[in-house]
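Colleague: I should be grateful for a close look at a single part of this model, beginning with one residue and working outward from it. Please explain each step in a way that a first-year student can follow.

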Amino acid sequence: MNLKTITMEWTGDSLILVDQRKLPHVVEHVECKSYQDVARAIKEMIVRGAPAIGAVAAFGFVLGAKQLAHLEGKNLVESMEVVHKTLACTRPTAVNLFWALERMRRKLDNNADDVDTLLSVLEQEAVKIAEEDIQVNRAIGMHGQTLLKDGDTVLTHCNAGALATVDYGTALGVIRAAVENGKKIKVYVDETRPYLQGARLTAWELVQLGVETILITDNMAGWVMKQGKVDAVIVGADRIAANGDVANKIGTYSVAVLANRNGVPFYVAAPISTIDVKIKDGSEIPIEERSHEEVTHLNGKRIAAEGVRVFNPAFDVTEHELVNAIITQNGILRPPYQESIKKLFLQGGKM
Ligand code: MRU
């Protein structure tokens with residue numbers, strides 16, 4: 001079984017990832033031949049973005065099962081615990097990672113009797129997770145584009161494009177779908193300090209798509225909105241709590257506050273797998289803290305005074321009150337989210 005997109009390629013024996021650390025300067029690929037390689041790729045940000053790391057972890061699970069295929073039955077299931085743990089311990093905030101691993105684990109538990117069947121079932125499930133992600137993003141785009149008019153200008157933060165997913169993107173998927181529906185859309189892209197996903201990845205994707213793109217530094221977003229230049233903010237999400245609180249890339253919260261202050265609608269585009277109904281509100285979402293060097297250095301060169309202390313949370317939480325709508329593959333959720341999310345899950349919550 002094979003699958004190939006801009007973000008990843010599954011060859012049947014290995015997973016090839018575009019090295020997102022090197023973009024936009026060079027398009028280089030990294031081949032993962034083991035679950036350890038996949039875990040390292042997630043941890044080191046070769047691949048990033050909530051849906052992408054979920055799908056990649058699923059392929060890591062398959063590689064782990066292949067590595068342990070000499071074991072059988074109960075021994076194999078027990079040894080897969082290490083594979084699951086290694087992949088799950090890579091990054092804490094995006095729930096899609098745990099969601100995808102849980103799907104893989106269920107297949108493992110139900111098919112452990114015969115190794116050949118197990119390997120084939122696991123591979124099918126990982127490919128299904130990846131293929132579903134593309135369909136889900138297209139559906140998010142289709143629903144989300146109804147919120148945009150011809151001639152609108154959108155502001156986005158971080159990268160919720162094809163690179164952050166298996167393909168097509170969530171927030172950028174909405175923009176793509178609007179353009180595909182004949183609407184002219186302009187996009188302001190926050191550079192997204194400290195890791196610069198906006199400048200490096202979102203700007204790269206949008207320019208390639210031929211969308212008019214204006215790059216700004218994060219601290220310009222408020223002023224741009226105040227001047228009436230933005231019709232809507234659309235961002236992705238790493239985890240959404242049962243009450244609609246949204247964890248996304250650090251800086252999203254500031255953008256949401258500024259959008260609210262300036263009367264600009266703030267939309268979140270995310271697959272239902274990003275909604276964690278086990279978590280009551282945003283205060284329970286684990287926030288990853290990353291290396292201090294991301295703040296003190298730019299392009300490997302120190303910019304901050306020696307000896308300074310640093311705080312580097314990679315995500316923040318935007319309260320549900322600031323979110324005008326959550327765009328999912330099943331439609332657009334509106335406040336009160338406690339109710340709209342509950343209703344979505346009661347209806348099955350899946351595509
Ligand atoms: O640290 P990253 O680059 O993995 O963070 C990515 C984001 O915050 C995205 O906005 C989010 O994962 C949604 S991607 C469709």
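Modeller: A strand, as the word is used here, is a DSSP run of at least two residues marked E, and strands are numbered from the N terminus. The model is a predicted one. With that term in place, we may begin at Cys 32, which is found in strand S4, residues 29-32.

Residues with under 20% relative accessible area are called buried. Cys 32 has a relative accessibility of 0%, so it counts as buried. Leaving out residues up to four places away in sequence, Cys 32 touches Ser 14, Leu 15, Leu 17, Asp 37, Val 38, Ala 41 and Leu 63. One of these partners, Leu 15, is 17 residues from Cys 32 along the chain, while the C-alpha atoms of the two are separated by 5.1 Å.

Another of these partners leads outward. Val 38 touches Cys 32, and Val 38 also belongs to the group of H1 residues that meet helix H3. Two packed helices are described by the angle between their axes and the distance between those axes. For H1 (residues 35-43) and H3 (residues 73-88), the angle is about 15 degrees and the axes are 9 Å apart. Angles under 35 degrees count as roughly parallel, and H1 and H3 are therefore roughly parallel to each other. Their crossing is right-handed. On the H1 side, the residues in contact are Tyr 35, Val 38 and Ala 39; on the H3 side, they are Val 82, Val 83, Thr 86 and Leu 87. Sorted by class, this contact has six nonpolar residues, one polar residue and no charged residues.

A second pair of helices makes a useful comparison. H6 and H7 (residues 197-209) also pack at an angle of about 15 degrees, but here the axes are 12 Å apart. That angle makes H6 roughly parallel to H7, and H6 passes H7 in a right-handed crossing. Leu 172, Ile 175 and Arg 176 of H6 meet Thr 202, Glu 205, Leu 206 and Leu 209 of H7. The contact of H6 with H7 has four nonpolar, one polar and two charged residues, whereas the contact of H1 with H3 has no charged residues.

H6 itself, residues 171-180, is mostly covered, with eight of its ten residues buried. Among the buried residues are Leu 172, Ile 175 and Arg 176, each of which also takes part in the contact with H7. Just after H6, Gly 182 takes a positive phi of about 85 degrees.

Charged residues bring us to the salt bridges, of which the model has 20. One of them joins Arg 103 to Glu 125, with the closest N and O atoms 2.9 Å apart. This pair links distant parts of the chain, for Arg 103 lies in helix H4 (residues 96-110) and Glu 125 in helix H5 (residues 115-144), 22 residues apart. Arg 103 counts as buried because its relative accessibility is 12%, and Glu 125 is likewise buried, at 8%.

Within H5 there is a salt bridge between Lys 128 and Glu 132, whose closest N and O atoms are 3.9 Å apart. Lys 128 and Glu 132 are four residues apart in that helix, which means that about one helical turn separates them. Lys 128 is partly exposed, with a relative accessible area of 44%, and Glu 132 also counts as partly exposed, at 24%.

A third salt bridge, between Asp 276 and Lys 278, has its closest N and O atoms 4.0 Å apart. Here the two partners fall into opposite categories: Asp 276 is buried, with a relative accessible area of 6%, whereas Lys 278 is exposed, at 74%. Salt bridges may also share partners, and in this way Asp 19, Arg 21, Lys 22, Glu 28, Arg 40 and Glu 44 are joined into one network.

To close, Ala 259 may be set beside the starting residue. Ala 259 lies in helix H9, residues 252-261, and has a relative accessibility of 0%, so it counts as buried. Apart from its neighbours within four places in sequence, Ala 259 is in contact with Met 225, Val 233, Val 264 and Phe 266. Ala 247 is twelve residues from Ala 259 in sequence, and their C-alpha atoms are 17 Å apart; for Cys 32 and Leu 15, which are 17 residues apart along the chain, the C-alpha separation is 5.1 Å.

Technical notes
Residues are numbered from 1 along each chain as its sequence is written. This is a predicted model: local features need pLDDT of at least 70, side-chain atom pairs count only at pLDDT 80 or more; totals for chains, interfaces and linings use all residues. Side-chain values use heavy atoms; hydrogens and water are left out. Buried means under 20% relative accessible area, exposed over 50%, partly exposed in between (1.4 Å probe, protein chains only). A salt bridge is a side-chain nitrogen of Lys or Arg within 4 Å of a carboxyl oxygen of Asp or Glu. Axes are lines fitted to C-alpha atoms, for helices over the stretch in contact, and angles run from 0 to 180 degrees between N-to-C directions. Angles under 35 degrees count as roughly parallel, over 145 as roughly antiparallel, 65 to 115 as roughly perpendicular and the rest as oblique. A crossing is left-handed if the near helix is turned anticlockwise from the far one by less than a right angle, and right-handed if clockwise. Contact means heavy atoms within 4.5 Å. Ala, Val, Leu, Ile, Met, Phe, Trp, Tyr, Cys and Pro count as nonpolar, Asp, Glu, Lys and Arg as charged, and the others, Gly among them, as polar.
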